[in-house]
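Here's a quick briefing to read alongside the structure. Have the sequence and the 3D view open, and let's start with what sits inside.

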Amino acid sequence: MKTPTRRSKRVDEESEPNVATPRVVLRTRKAKCSKTRAVRVKPEYPLAPSTSEMKLMPPEFFQIDSLDLAPRLLGKFLRRDNVVLRITEVEAYRPNDSACHGRFGVTPRTAPVEGVGAAVLIRSCSPVTGLETIQERRGLKTEKPVLLNGPGKVGQALGLSTEWSHHPLYSPGGLELLDGGEDVEKIVVGPRVGIDYALPQHVHALWRFAIADTPWISAPKNTLKPL
């Protein structure tokens, strides 16, 4: 079941790829031990709704161009067991995108980005619940943005491994994508991170999105500008 695709104004005019259901991608990383001193900070999202009020996003939410899906993910919540994270930064990867890992076809590593490769990478989140679990999984006793300002850190905080590949975020239980009922009003955009190997038009494409005025984003921050 698919919804009509809304064309984005940001789509590269020279490329008109077929729209595929993009995958939301989270990376994993090995745990590290740290002696970083804990610092108490004011919660970044103190008015988060209770988990019982959060709505599971349906399959049709994901069935649009990844460039349109990416900013819509900002402010949504990822939940696994007692950990809930608010998505604060994402990157879009599209079909025929020279920066997309799925451009070489299906491999064990890229299998989740199957068919006509498209995905949204979750770059950063802020903690909502389960802070102690997040810190334990990260091996980092801090409440600063360094806790979750990278895709591998987000995957580690959620306790994910490659066994979670192909897991649908719209299925109850396991790992879920939830809507808290509030839209993000101010967004900043910029080029994606770490894709110097891609073609110039993809290196400079403004396909990185983040919530404005939040410290919970990854570096570099100076390339992000108001939308």
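The largest nonpolar core of this predicted model is built from 37 residues, and L73, I87, V90 and L177 have the most contacts inside it. Several elements feed that core with two or more residues each: α1 (66-73), β4 (83-93), β5 (119-129), α3 (151-157), β6 (175-179), β7 (187-190) and β8 (208-211). The top contributor is β4, which gives five residues. A separate core of seven residues lies apart from it, with A99, L121, I195 and V203 among its members. As a general backdrop, nonpolar side chains in soluble globular proteins tend to be buried together.

**The whole protein**
- Four helices and nine strands make up the element count.
- Reading from the N terminus, the order goes β-β-α-β-β-β-α-α-β-β-α-β-β.
- Of the 227 residues, 50% count as buried.
- Take the contacts between residues at least 6 apart in sequence: 74% of them join residues at least 24 apart.
- The accessible surface adds up to about 11,900 Å², and carbon and sulfur atoms account for 53% of it.

**Strand β3 and its partners**
- Strand β3 covers residues 77-80 and runs antiparallel to β4, with four bridges joining the two.
- One of the residues to look at here is R80, whose bridge partner in β4 is V83.
- The two strands β3 and β4 make a hairpin with two residues between them, and D81 in that turn has a positive phi of about 45°.
- Strand β3 also pairs with β6, again in the antiparallel sense and over four bridges.
- For that pairing, find R79: its bridge partner in β6 is E176.

**Helix α2**
- Helix α2 spans residues 131-138, and its buried residues include T133, I134, Q135 and R138.
- What covers the buried residues of α2? The cover includes β4, β5 and α3.
- Right after α2 comes G139, which takes a positive phi of about 65°.

**E185, out on a loop**
- You'll find E185 in the loop between β6 and β7.
- Is E185 buried or exposed? E185 counts as exposed because its relative accessible area is 76%, and the cut-off for exposed is over 50%.
- E185 and L74 are 111 residues apart along the chain, yet their C-alpha atoms are separated by 9.9 Å.

Methods. Residues numbered from 1 in each chain as written. Predicted model: local features only at pLDDT ≥ 70, side-chain atom pairs only at ≥ 80, totals over all residues. Heavy atoms only, no water. Core = buried A, V, L, I, M, F, W, Y, C linked by side-chain atoms within 4.5 Å. Buried < 20%, exposed > 50% of the residue type's maximum accessible area, 1.4 Å probe, protein only. Pairing = 2+ DSSP bridges. Contact = heavy atoms within 4.5 Å. Areas by Shrake-Rupley, 256 points an atom, 1.4 Å probe, with all protein chains shown as cover.
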